[in-house]
Amino acid sequence: MHYSGLKVITEGLFGNKGWKPVWRNPAPKAQYDAVIIGGGGHGLSTAYYLARNHGLTNVAVLEKGYLGGGNVGRNTTIVRANYFLPGNQEFYSHSLKLWEGLEADLNYNVMHSQRGLINLFHSDAQRDAFARRGNAMISQGDDAELLDREGVRRYLPYLDFEQARFPIHGGLLHRRGGTARHDAVAWGYARAADRRGVDLIQNCEVTGIDIENGKVTGVQTTRGAIRAAKVGMIVAGRSGQVAAMAGMRLPVESHVLQAFVTEGLKPVIDHVVSFGMGHFYISQSDKGGLVFGGDLDFYASYAQRGNLPMVEHVMEAGMTLMPMIGKARVLRSWGGIMDMTPDGSPIIDRTHVEGLYLDCGWNYGGFKAVPASGWCMAHLMATDQSHDFARRFRLDRFATGDLLDEEGTGSQHNLH
Ligand SMILES: Cc1cc2nc3c(=O)[nH]c(=O)nc-3n(C[C@H](O)[C@H](O)[C@H](O)COP(=O)(O)OP(=O)(O)OC[C@H]3O[C@@H](n4cnc5c(N)ncnc54)[C@H](O)[C@@H]3O)c2cc1C
């Protein structure tokens with residue numbers, strides 16, 4: 001079904017009875033050209049670009065739960081291209097360009113909203129670091145503006161400018177940054193991949209990876225064996241477990257990250273705002289809820305829910321920065337499992353097994369990467385060559401030392 005304004009009006013007039021399921025619900029076939037393990041944002045976008053860019057449509061996405069039930073539907077929806085290091089810069093820049101054309105490309109409203117992102121700084125040293133980052137963004141062809149304190153006040157008058165402990169010195173404004181509706185991104189890619197012939201198989205957990213003479217031959221699943229000469233492991237927080245099925249031990253730890261949503265309020269926060277002296281970032285959804293988050297829970301876990309100490313920490317950071325939110329009531333919170341690498345950058349690479357590919361290590365920033373990750377992973381799976389934009393995302397960098405340490409915080413998973 002193709003969506004159009006006319007279709008919406010006609011359906012509205014005739015009782016909305018003509019809508020059809022957005023994707024098929026096929027039974028798994030015995031064999032595919034390529035199989036993707038994981039129906040999150042990255043798995044679905046890979047499937048879509050395999051079909052769209054490379055004409056590979058005999059493809060299945062195998063999802064152990066339901067499409068969009070993982071991190072792709074659990075994040076705080078921030079989309080930006082403000083990375084500093086070559087390797088990350090061009091990748092996220094490409095991703096943002098894909099976001100800008102995504103709704104037209106998928107014929108699906110993912111509610112991409114370029115409302116602007118402001119990263120606050122609170123010291124001279126932090127200002128210098130953000131100035132450098134802004135220059136790097138501009139030289140990459142993206143946008144950045146350094147705001148002084150009064151500049152920030154013009155955009156965000158509700159912040160606490162008087163508090164002495166973390167004085168606001170200014171901010172880096174990235175106008176093309178913003179948000180998107182997370183579930184819609186999963187649904188949009190799923191629908192678009194399905195329309196090109198990709199089979200989306202839900203409730204199908206991969207339990208084993210078949211390898212013969214160093215080559216992948218297929219997977220074992222809870223719905224039977226499926227043969228395929230190419231298999232992509234794209235399972236975010238479960239990457240360590242799935243890669244272990246192929247005898248691999250990944251440099252990835254799984255940690256919980258929580259998100260919070262308040263009751264719906266009238267429009268009050270127009271931008272995405274991030275605090276520079278603690279991990280706190282916030283935006284307001286189109287329904288009016290304040291959507292915010294903070295740091296990891298600081299211990300490795302596969303539980304998709306968090307704990308109270310981090311709830312308290314995040315609320316404290318919010319109150320420090322914008323005391324007005326103290327009156328809002330938090331309605332919901334949840335957790336997602338983050339695939340943390342030691343240098344905070346992802347992996348899109350081949351493995352030691354022929355035909356077996358890996359896309360993981362998205363840390364807590366993989367939502368904005370969904371388009372470019374799918375683009376580059378599809379290129380890798382179709383051609384066996386790394387895409388230029390993902391050439392630094394090598395698995396062996398943790399052995400060679402050629403790290404991509406964006407945060408400059410060293411090899412501690414919990415700091416990325
Ligand atoms: C609270 C929170 C806030 C975040 N905020 C942001 C943000 O603001 N901006 C941003 O850019 N990023 C953010 N992220 C990070 C981002 O959501 C993730 O990096 C990204 O979604 C991970 O990729 P994915 O969508 O493919 O993962 P997922 O949606 O988790 O997909 C992986 C899928 O693999 C499936 N799977 C696992 N094992 C198997 C198996 N054996 N067989 C079959 N299927 C399997 C899982 O069920 C899951 O559906 C946030 C994450 C969280 C949790």
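Which residues in helix 2 meet helix 10? In this predicted model, the helix 2 side consists of G41, H42, S45, T46, Y48, Y49, L50, N53 and H54. They meet V370, P371, S373, G374, W375, M377, A378, M381 and A382 in helix 10. By class, the residues of this contact comprise 10 nonpolar, eight polar and no charged. The axes of helix 2 and helix 10 lie 7 Å apart, and the packing angle is about 55°. The two helices are therefore oblique to each other. Helix 2 passes helix 10 in a right-handed crossing.

Helix 2 also packs on helix 7, which spans residues 182-195. Here the axes come within 9 Å and cross at roughly 30°. Angles under 35 degrees count as roughly parallel, so helix 2 is roughly parallel to helix 7. The crossing of helix 2 and helix 7 is left-handed. From helix 2, the contact draws on G41, L44, S45, A47, Y48 and A51. Helix 7 supplies V185, A186, Y189, A190, A192 and A193. The residues of the contact between helix 2 and helix 7 divide into 10 nonpolar, two polar and no charged.

Helix 10 (residues 370-383) has a further partner in helix 3 (residues 88-100). Their axes are 7 Å apart, at an angle of about 110°. Angles of 65 to 115 degrees count as roughly perpendicular, and helix 3 and helix 10 are therefore roughly perpendicular to each other. F91, Y92, H94, S95, L98 and W99 form the helix 3 side of the contact. P371, A372 and W375 form the helix 10 side. Seven nonpolar, two polar and no charged residues make up the contact of helix 3 with helix 10.

At the level of domains, the protein is divided into two parts. Domain 1 covers 5-78, 182-250 and 343-415. Domain 2 covers 114-175 and 253-340. The centres of domain 1 and domain 2, taken over C-alpha atoms, are separated by 28 Å. Across the boundary, 18 residues of domain 1 are in contact with 21 residues of domain 2. The side of domain 1 that touches domain 2 has five nonpolar, 12 polar and one charged residues.

The ligand is surrounded by 40 residues. The closest are G38, G40, G70, G336 and G366. Three elements give two or more residues each to this shell: helix 2 (41-54), strand 12 (253-264) and strand 16 (330-340). Classed by residue type, the shell around the ligand has 15 nonpolar, 19 polar and six charged residues. Domain 1 and domain 2 both give residues to the shell, so the ligand lies between them. Helix 2 thus recurs in the account: it contributes to the ligand shell, and it packs on helix 7 and on helix 10.

Methods:
Residues are numbered from 1 along each chain as its sequence is written. This is a predicted model: local features need pLDDT of at least 70, side-chain atom pairs count only at pLDDT 80 or more; totals for chains, interfaces and linings use all residues. A residue is near a molecule or strand if its C-beta atom, placed from the backbone, lies within 6 Å of it. Helices (H or I, at least four residues) and strands (E, at least two) are DSSP runs, numbered from the N terminus. Ala, Val, Leu, Ile, Met, Phe, Trp, Tyr, Cys and Pro count as nonpolar, Asp, Glu, Lys and Arg as charged, and the others, Gly among them, as polar. Domain bounds come from an automatic or database domain assignment. Axes are lines fitted to C-alpha atoms, for helices over the stretch in contact, and angles run from 0 to 180 degrees between N-to-C directions. Angles under 35 degrees count as roughly parallel, over 145 as roughly antiparallel, 65 to 115 as roughly perpendicular and the rest as oblique. A crossing is left-handed if the near helix is turned anticlockwise from the far one by less than a right angle, and right-handed if clockwise. Two residues are in contact if their C-beta atoms, placed from the backbone, lie within 7 Å.
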